[in-house]
Amino acid sequence: MGASGAAEVKPRKLAGAACLIALGATAAWAAKPLFRLEKVIGADLCNVSASQKCEGGFNAPRGLSLDSAGNLYVIESKNNRLCKFDSEGRFLKAWGKFMVSNSCGVDSQNNVWVIDMLNTYKFSGDGGELAKWPRNKGAGQADIVHVGRVTNRVYSTKCRLEIYDNAMAEQGIKYDIPPGYCVWGLGEDRQGSLSCLMLLKTRGKSGNAAIFKFYKDGAYLNRWDFKMQELNGPEAIAVDGAGTMYLCNTGNHNVTVLNANGDILGSFGSKGAKDEQFYTPRGICVNPDGNIVFVADTGNHKVKKWVLETPGK
């Protein structure tokens, strides 16, 4: 099956609940929901081992984010740069020479944020550097950044959670992160509620995954724990406007979808190098309506656009 095919989501049977429910704000899952692979972005532009001069070609893409116009921003972790594509997946430009960066975020003014080992950067959508702040002492290379489009907060996190406004003034809001957990992904819904994807660290290795959800003011809302066969080392999460969660199930080489109540609805993709497959996906973003999902297929050096379809249409 190529880019024109569709991958049927494989539902998980849930006790006392329907296996498939509404997905996203406008896209409803029918009896056999389909995700269609619409486009592979950056696949034919250059060899993955090329230097930064190769415009648009990927070398280990990771962090993904969308602006309000649907433009896609991609952190290319091996080339240490940020690439911009339009809503059709056409390459526009690339910039930056970052010191190990894994993520990016876009605020409500369509400014683009990047964090690396040394600095937090704020760029305009065309790549102009608007501001740069040195990282706090002890900041690590694996830290991630997330920008809430509703609250306009800047979240800097890994084994801690720091919260700033868009001028990098630290905020007094506290989220109760349990000891032993590291945050691997964040996402806000339309109400500003924050979903945190966490992995328990056991003797230096990642253990079982959990998702913690908080109200906008930091108050605890809910928690869901998962077995390794359900979520195996997930490394990224995206949340649509309705609170539906999309996770890079990295160790299982698929994307797993959960509703706003933490129920697993199903997954799409499988391990492999074909267009409709993944190998260690590590970045994901979704449009507010939940019907377009971009996935960083990191191990295959590609970014893939998936569209939710209703059978019969």
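Strands S20 and S21 run antiparallel and are joined by four bridges, a good place to enter this predicted model. Within this pair, Val-255 stands opposite Phe-268 of S21. The two strands form a hairpin with five residues between them, and in its turn Gly-262 has a positive phi of about 85°. Strand S21 covers residues 264-268, and because five of its five residues are buried, the strand is largely enclosed by the rest of the structure.

Just ahead of this hairpin comes another residue with a positive phi. His-253 lies in the loop between strand S19 (245-249) and strand S20 (254-258). Although His-253 is not a glycine, its phi is positive, at about 60°. With a relative accessible area of 10%, His-253 falls under the 20% limit and so counts as buried.

Stepping back to the whole chain, the protein has 24 strands and zero helices. Of its 313 residues, 58% count as buried. Among contacts with a separation of 6 or more, 46% are made by residues 24 or more positions apart. The accessible surface of the protein comes to about 13,200 Å², and carbon and sulfur atoms hold 49% of that area.

A second hairpin is found at strands S3 and S4. Strand S3 (residues 61-66) has six of its six residues buried, so S3 is largely enclosed by the rest of the structure. Its pairing with strand S4 (residues 72-76) is antiparallel and extends over four bridges. Ser-65 has Tyr-73, in S4, as its bridge partner. Five residues separate the strands of this hairpin, and Gly-70 takes a positive phi near 90°.

Strands S11 and S12 offer a further example. S11 pairs with strand S12 (residues 154-157) in the antiparallel sense, again over four bridges, and Val-145 stands opposite Ser-156 in S12. Six residues lie between the two strands of this hairpin, where Asn-152 in the turn has a positive phi of about 60°. Both faces of S11 are covered: Ile-144 and His-146 are buried on one side, and Val-145 and Val-147 are buried on the other.

Residues from S3 and S11 meet again at the largest pocket, where each of these strands supplies at least two lining residues. The volume of the largest pocket is about 900 Å³. Its lining is made up of 46 residues, of which Ser-65, His-146, Ala-238, Cys-285 and Val-286 are the closest to the centre. Ser-65 is thus a residue with two roles in this description, being the bridge partner of Tyr-73 and part of the pocket lining. Other strands that each supply at least two residues of the lining include S7 (104-106), S14 (181-188), S18 (236-239), S22 (283-286) and S23 (292-297). By residue class, the lining divides into 21 nonpolar, 15 polar and 10 charged residues.

One of these lining strands, S7, also leads into a loop with a notable backbone angle. Asn-110 lies in the loop between S7 and strand S8 (112-115). The phi of Asn-110 is near 65°, a positive value in a residue other than glycine. Is Asn-110 buried or partly exposed? Its relative accessible area is 22%, which places Asn-110 in the partly exposed class, since buried residues must be under 20%.

Definitions and conventions
Residues numbered from 1 in each chain as written. Predicted model: local features only at pLDDT ≥ 70, side-chain atom pairs only at ≥ 80, totals over all residues. Heavy atoms only, no water. Buried < 20%, exposed > 50% of the residue type's maximum accessible area, 1.4 Å probe, protein only. Contact = heavy atoms within 4.5 Å. Areas by Shrake-Rupley, 256 points an atom, 1.4 Å probe, with all protein chains shown as cover. Pairing = 2+ DSSP bridges. 1 Å grid on protein atoms, 1.4 Å probe; cavity = no way out; pocket = protein on both sides within 12 Å on 5 of 7 lines; lining within 4 Å. Points joined across faces, edges and corners; volume = space filled by probe spheres on them. Nonpolar A, V, L, I, M, F, W, Y, C, P; charged D, E, K, R; others polar.
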